[in-house]
Amino acid sequence: MGERARGPSRTAAVTSLGVVTAFGAGVEAFWKGVLGGRSAIAPVTRFPVSPYRSGVAAEIPAGDLAPESDRLATPSTSAMRLAFAAARKTVERERLPVAPERFGLVVGTTMGGNGEFIDWVRSGTAPSTRRSDATLFSVASALAAEIGARGPVLTVSAACASGTLAVGIGADLIRRGECDAVLAGGFDVLSEFVFAGFDSLRALSSSASRPFDRRRDGLTLGEGAAFLLLEERAGVEERGRAPLAIVRGYGSAADAHHMTRPSPSGEGLARAVSSALADASIGPEEIGFVSTHGTGTVFNDRMEACAFRSLFGERAARLPANSIKGAVGHTLGAAGAIEALLCALVLERGVIPPTAGLEEPDPLCPLDVVGGSPRPLPDSVRYVLSTSSAFAGTNAALVLERP
Amino acid sequence: MTTAREVRVAGTGLWLSGREGGEPARPRLPVDVSRLRRMDRFARAGFFAGSLSLVEAGIDPRRPPDPTLGVVFGTAHGCRDSLIDFTLELGSSESVEQLSPALFAETVHNTVNGELAIAWGLGGPSETIASGRTGGADAILRGAELVRTGRAAAVVAGGAEGIHPKAVEWWEQERPSGGRGSSSAAPRDAGAALVLADAGEEAGAGDVLLSSATWFFEPDPSEAARRAASWIGEGLDRWKRPLLLDATADLGGLPSAWECRSVAAEFGELYGAAGAVAAVLAVEEIRSGRTGSAVVVSRDPGGPVTLLAFVTPRTG
């Protein structure tokens, strides 16, 4: 990679977190679940699974979604209710001293509000929601109106890298001076459409997924939403508040290899990480933990191991890493946002949650994947890395820093 | 305000289906096009537009992938074409073995990024923005940022939309009610792209620069028009008398004294490709000498607004 402009003087600080997963709503429910090494994966209840090779997923209890209210479109879509539930746990607008024109929103998703659109196509009957709500970008527009954001409002949709891109682009908006605060994150709702699609690719595990385990046989789908409130650091500290973490670097890169299979060498992911490290102005030796994409498919996990070996060399075998997809499933457009949120919690709380489902580490993935029980994060670690890889070959990486 | 003073337009590409939906003649491209048969309307429109812009920019296909070349594409509905087809297949199949994994693989909205990256060896930054009708303009703004900040030496950035017959049915039921330059023509497949590159120390007199850009959210149309007019007004000293390219016919409150070309009236409903089509036309207008500057105005009824200002170094 050539020499590039270094980081601007403004800093994107993480000041608040909100998350909804199959463990329930809220940061503590999520943290308790992943820290305990539990899996929220269970038999699917939302649609019949008899036609499929798998019958499990990580579903969110209906009670953990935002209630329909007069501030939402009526009746609201399931996607809106999920995204709003996480967003409302992240930001209290009245406590955020930022002008509407300086407040942005970046949302990552693979399906957006298209679930209702699919229902309409499949049933041939009129949708129960307004058609304009059943689009990719409808959730962001509704959410922006709810939280009073009048700066840039973007929907990012790059398959399973969407959430990571959203946080990275959100941090850019702060760092380049376009916004003083950005709500950045992602969401996706479990649907039969996606379940059937991944099964047609023979990508689903018959049981809960086991990332980096020798016996892994595929991924397990989940659903979720997570948001990070990003603010310009100086303004936060002027108010006497301490950031939870800093988004120090962001990078993306195309595999340029295949639409569904990752590049076996992991070179696209390695380019994305290298770009994020350059953006953070640090070297790979300064990374002390990696939140991997870790889907539990044979190809993905091996690709990541190759990428991390090329980036970190022999140290990859001693660098703590984990995957949360055996716990909350693969939440697609939400995954990168949930994992960025996890990284902020790891830095704040000094503990690395274990990888649910990992019992026999795959010798062909020679990484130090944390399994079994939590592991302390040494105080000396200042930077952690979160990565995502997606269909169509999009890779993305974030570097988060201990404030 | 976002400034991108040193980003020049190195190439443009435009791909529009006919009014009745027929595809234009396929250009000869210096890349493997065997994957075209797997692409849906959205992916084809973006692939052709992006490829044409790369040809015009004189960029050859790269092997191994070049980490300095990026791709950013925008859309409103993305792969809805494949999404509809896979949904119909799901409804008519009795077992998962009857479903097409290749079709499901096309139901992500970053397929244009993936296809262009594979064909051309674009190994640099890759982002996909799906913010409704501003998607294409958003992608150009974001692509310029990636160049300006040194993350890429060049980025192919644009917008694409593919229109399934069911989407036309949708449009017929929610036909726009009208407005300045609004179109009654049905939606059509469209792709448009710019190759944005570092202008270096001194831009040539024949260059077109993406001089400034901004984006904001304003669901109230009159307030959106006020903010857009204010932003354009701030740049008038530099841009003199810019030609406005109204991509989406949704900002009727702009001052009527400003010369305006309505993309929607000329080309019909282009959804997320509209801003990128308008950007290509803006560059053509400046290159032809008909104007020294042009501002693309793009808005989605949901609230997003994106403005792009193009100039030639001759301006001012």
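Which residues of β10(B) point one way and which the other way? In this predicted model, Pro304(B), Thr306(B), Leu308(B) and Phe310(B) point one way from the strand, while Val305(B), Leu307(B), Ala309(B) and Val311(B) point the other way, and all of them are buried. The briefing below starts from this strand, then turns to the contact between the chains, and ends with the domains and overall form of chain A.

**Strand β10 of chain B and its partners**

- Strand β10 of chain B runs over residues 304-311 and is mostly covered, with eight of its eight residues buried.
- The split of its residues between two directions can be read against a general pattern: in a regular strand the side chains alternate between the two faces of the sheet.
- β10(B) pairs with β6(B) in the antiparallel sense over eight bridges, and it also pairs in the antiparallel sense with strand β9 of chain B (residues 293-299), in this case over seven bridges.
- Ala309(B) in β10(B) can serve as a reference point for both pairings, since Ser212(B) stands opposite Ala309(B) and Val295(B) stands opposite Ala309(B) as well.
- β9(B) and β10(B) form a hairpin with four residues between the strands, and in this hairpin Gly303(B) takes a positive phi near 135 degrees.

**Contact between chain B and chain A**

- On the chain B side, 57 residues are in contact with 58 residues of chain A.
- The elements of chain B that give two or more residues to this side are α2 (80-92), α3 (101-105), α4 (111-120), β3 (126-129), α6 (165-173) and β6 (209-217); β6(B) is thus listed here and is also a pairing partner of β10(B).
- The element that gives the most to the side of chain B that touches chain A is α2(B), with seven residues.
- By class, the residues on this side of chain B divide into 26 nonpolar, 25 polar and six charged.

**The two domains of chain A**

- The domain assignment of chain A gives domain 1 as residues 12-238 and domain 2 as residues 245-401, and the centres of these two domains, taken over C-alpha atoms, are separated by 20 Å.
- Within chain A, 64 residues of domain 1 are in contact with 60 residues of domain 2.
- The side of domain 1 that touches domain 2 receives two or more residues from each of β1 (12-21), α1 (27-35), α5 (162-175), β7 (181-188) and β8 (224-232) of chain A, and α5(A) gives the most, with nine residues.
- This side of domain 1 of chain A has 35 nonpolar, 19 polar and 10 charged residues.

**Helix α8 of chain A**

- Helix α8 of chain A (residues 267-280) has 14 residues, which at 1.5 Å a residue should span 20 Å, and its end C-alpha atoms are 20 Å apart, so the expected and modelled values agree.
- α8(A) is mostly covered, 13 of its 14 residues being buried, and just after this helix Ser281(A) takes a positive phi of about 60 degrees.

**Chain A as a whole**

- Chain A has 11 helices and 16 strands; its radius of gyration is 19 Å, close to the 22 Å that the globule rule gives for 403 residues, so chain A is as compact as a globular protein of that length.
- Taken along the principal axes, the C-alpha atoms of chain A fill a box of roughly 60 × 55 × 40 Å.
- Of the 403 residues in chain A, 66% are buried, and among contacts in this chain between residues at least 6 apart in sequence, 79% join residues at least 24 apart.

Definitions and conventions
Residues numbered from 1 in each chain as written. Chains lettered and ligands numbered in written order. Predicted model: local features only at pLDDT ≥ 70, side-chain atom pairs only at ≥ 80, totals over all residues. Contact = placed C-beta atoms within 7 Å. Nonpolar A, V, L, I, M, F, W, Y, C, P; charged D, E, K, R; others polar. Buried ≥ 20, exposed ≤ 12 C-beta atoms within 10 Å, placed from the backbone. Pairing = 2+ DSSP bridges. Domains from an automatic or database assignment. Expected span 1.5 Å × (residues − 1). Rg over C-alpha atoms; globule rule 2.2 N^0.38 Å.
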